[in-house]
Amino acid sequence: MRKSDLHGEFFIQGNIACAEAALAAGCRFFGGYPITPASEIAERMAYRLPQLDGVFVQFEDEIASMASILGASWAGAKSMTSSSGPGISLMLENIGLGIMMETPCVIVNVQRGSPSTGLPTSWGQSDMMQARWGSHGDFAVIALCPKSPQEYFDLTVKAFNLSEQYRLPVFVMSDAVVGHMTEKVYIPPVDELEIIERKYTSKKPQDYLPYECEFDAVPDFAKAGDGYRYHTTGLTHDERGYPVMTEECHVKLVNRLINKIKLHADDIIMIEEKDTEDAEVIVVSYGITSRIVFPAIKIMKKKGIKVGYLRLITVWPFPEERIRQLASKVNGFVVVELNMGQVCLEVERCAKNAVTKLVPHPGGGMPQVETITQAIQEVADAR
Amino acid sequence: MAQLRVKISGFGGQGIVLSSYILGKAVTIFDGKNASMTQVYGPEARGGACSSQVVISEEEVDYPLVDTADVLIALSQEGYDKFLPILRDQGILCYDSDLVTKLHSHDRVIAKSIPATRIAEEMGKKIVANIVMLGFATAQAEISTPDAMRQSIRKSVPAKFTDLNMEAFERGFNYQGET
Amino acid sequence: MPDDKSQQTENLHHPMEEYLRMDRMPHIWCSSCGLGSILTAFMKGVKQADVDFNKVAVVSGIGCTGRVAGYVKLDSYHTTHGRAIPFATGLKLANRDLTVFVISGDGDLFAIGGNHLIHAARRNVDINVICVNNFIYGMTGGQNAPTTPLEAYSSTAPYGNYEQPFNLVGVAAAAGASYVARWSALHMRRLAESVEEMTKKKGFCFLEVISPCATVFARKNKGGTGLDLLKGYKDRSVINHNANPQEIPLDMNGEIVCGVFINKDRPTFWENVLSGTERKVKKTNLYYHDSKTKF
């Protein structure tokens, strides 16, 4: 495979950084469909993939785009698609297939104002629960939220690593601000990046079972054309990949799909904390909102309130344990997000007796500093 | 100053976004600072109101939006009308004197004007009006060091237009502002 | 030495055992369904083409025919309803050494997945699509399909179907397929030949196979037993390779025109990608950035 040799310091847009990260991570198949505010990723991939002997296809819709990256992944390619809310809605069924078949791939959602067509050129964070629960059924997902073009680069590389390691579609949940924001991005030489590849089976074809593994583990992969002649399906299946319509088989499979993430959540979860240890109030945010909260925190600190800052880098899996630990020590949490209360529900669930105060905003703008300071004050005054 | 918040406004097709890109690249890549550039635009690809903002800082830029601007560059009446209220007291306003004609009170700000579009037209390329304006703002509002700006322009425009753009920058840079 | 009957049976081998997942037999298809013989003809055709079976992949959607992927001893993918073609497109383009077959039903490929079929044919992506047409949704219990003939009965057309059906070969041909053929499940030798041709041929190949559904289509339409239905298809079949695929729609009782209607060569998707980008990409320095991306 021809490696990307673009490296150095650049002043680039988030979406371009994301595409470059995918290429650096080894992505060589992109299937997508135009949509604002995500199109720059597809455009960049269309320009760059032919330089690196990769494949770019603009499909007839997002359904096909999502199905294609699963197919490409089974052929052994690292694959990606990018879209925004309306397009992700169309992808959901095949995201479920990717989860069920345990297919490594990356989905970038540059979130815009929703529901429906919403605000195509403006921003939001209202697809967080869609990423978590959008496809039907019970499963575990991984979703990462970059706050800047640099982190968009870093987390896209990370998303590929996690998808390869845990064999599932991984979401990069950016938004129209981070997607179109231009900042300094350092792209290291490819050889200096930590790149994780999926584990291919070392077994002989006659000994190989495509889904044979422990209750919380990830099965070894075999790609098409290598002589394994395996079967895989979106139906409930046993370790042979064969459909088995029994309760026993279903319980075992669904549990493993969840366990392989849930029981390794500590290895996956990334959070950033400042001043949380002795905080009275902790402001919880992620992605672009984690930069919007700073002026309010500064003001309230000046007023003498001990305000902590907790940024979710991984929103899914949710850092339940850490929130529970902090909940026992603080007055409460202020959750700032560009939706009407999604991740807030998770904080609330883990906060127990601590207060959880939401600062909602449906997108297209940002919450006012005073709204956030007021919420911090309310939580500080509680109890 | 720890932070410099620059708002650039005009209409689509004037190169508003390119201007802020050149500024951001100048201060980050060639001046070693940090900058965050964000854009606000309508769904129309051309002709609509367009604005862009660059927050420049020695430190990492935490808050990337410009609620209050230190410098406002206005290349349209609409952009001037809309963003003059967010320019801070004693902030610097640089506007195109041919395109912004209905003036409000400038008592609380430092206003500088240049007929950037006319100068560009005199050069034979109306399209470089944004670069003339960047040169002017570099001199009047010190948004970047002139050398970083020159390098950034060189790295941002197509090679065959480098000379034209460099000249546009110098014309703006050396223009004695009307106040 | 085999001295009793059971030992004799143990030594017998099913002729398809090398190509099928025998540990999954018996299959779920109804007796007198056409899928068993179509599957046999498919494997025979691939064998005739003399390709490495390790490099052949089968992708299916959902439905009775969608289960084909589960029975072939090949790399096989049973995907979502209607999305076998884009999945197969990704598989093929990411490993262009593979021969990729999509085997699915008329509802899967032409109703929910119709748009993908049209666009894959337009792109001339190098995959082979076998559409088993039984004129109805079998697995879900006999609902109307985009192929159900006018006035035929289905569980969602209790007064008879009032929708004009698709002529599948006409659609595939109009969308630009390189190879378009139609046979019935009784044309075993012809079917295998078409599969062999498709395996060897570049570009988007489309094969429609008319298949009897005794369980729902015959029952709803006084078609008698599966055997009666088969016999009817046989009697109605006419082979005419020169027929214009646009002019041979199917109905309840008329002729079923069979043959290989289109077998032409036009550049495949990947050939066009290479010829379109190669020269330009070589001229492009990796560090060159157009004004739009502005590095």
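Between which two strands of chain A is the loop that holds Pro115(A) found? Select Pro115(A) in this predicted model, and you will see that the loop runs between strand E5 (105-113) and strand E6 (119-123) of chain A. Look next at the bond that leads into this residue: the peptide bond from Ser114(A) to Pro115(A) is cis, with omega near 15 degrees.

Stay in chain A and move to Pro317(A), which sits in the loop between strand E14 (314-316) and helix H12 (320-327). Here too a cis peptide bond can be displayed, joining Trp316(A) and Pro317(A), with omega about -5 degrees.

Now select Asp275(A), in the loop between strand E11 (271-274) and strand E12 (281-286) of chain A. Although Asp275(A) is not a glycine, its phi is positive, at about 55 degrees, and with 43% relative accessibility this residue counts as partly exposed.

For a contrast in surroundings, go to Thr232(A) in strand E10 (residues 231-233) of chain A. Its relative accessibility is 0%, and because buried means under 20%, Thr232(A) counts as buried. Show the side chains, and you can find a polar contact of 2.6 Å between Thr232(A) and Tyr211(A). If neighbours within four places in sequence are left aside, the residues in contact with Thr232(A) include Trp74(A) and Met101(A), and also Ser76(C), Tyr77(C) and His78(C).

Those last names lead into chain C, where Ile85(C) lies in helix H4 (residues 84-94). Ile85(C) is buried, with a relative accessible area of 2%, and among the residues it touches beyond four places in sequence are Val102(C), Leu109(C), Leu117(C) and Ile127(C). In the same chain, select Ser32(C), in the loop between helix H1 (5-11) and helix H2 (35-48); its phi is near 75 degrees, a positive value in a residue other than glycine, and Ser32(C) is partly exposed at 30%.

Finish in chain B by selecting helix H1 (residues 16-30) and helix H4 (residues 129-141), which pack at an angle of about 40 degrees with their axes 9 Å apart. That angle makes H1(B) oblique to H4(B), and their crossing is right-handed. At the contact, Leu18(B), Ser19(B) and Ile22(B) of H1(B) meet Asn130(B), Ile131(B) and Leu134(B) of H4(B), giving four nonpolar, two polar and no charged residues. Then add helix H5 (residues 146-156) of chain B, whose buried residues include Met149(B), Arg150(B) and Ile153(B); what covers the buried residues of H5(B) includes H1, H4 and helix H6 (162-174) of chain B.

Methods:
Residues are numbered from 1 along each chain as its sequence is written. Chains are lettered from A and ligands numbered from 1 in the order in which they are written. This is a predicted model: local features need pLDDT of at least 70, side-chain atom pairs count only at pLDDT 80 or more; totals for chains, interfaces and linings use all residues. Side-chain values use heavy atoms; hydrogens and water are left out. Axes are lines fitted to C-alpha atoms, for helices over the stretch in contact, and angles run from 0 to 180 degrees between N-to-C directions. Helices (H or I, at least four residues) and strands (E, at least two) are DSSP runs, numbered from the N terminus. Angles under 35 degrees count as roughly parallel, over 145 as roughly antiparallel, 65 to 115 as roughly perpendicular and the rest as oblique. A crossing is left-handed if the near helix is turned anticlockwise from the far one by less than a right angle, and right-handed if clockwise. Contact means heavy atoms within 4.5 Å. Ala, Val, Leu, Ile, Met, Phe, Trp, Tyr, Cys and Pro count as nonpolar, Asp, Glu, Lys and Arg as charged, and the others, Gly among them, as polar. Buried means under 20% relative accessible area, exposed over 50%, partly exposed in between (1.4 Å probe, protein chains only). A polar contact is a pair of N or O atoms within 3.5 Å; within protein, one must be able to donate a hydrogen and the other to accept it, and residues adjacent in sequence count only if both atoms are side-chain atoms.
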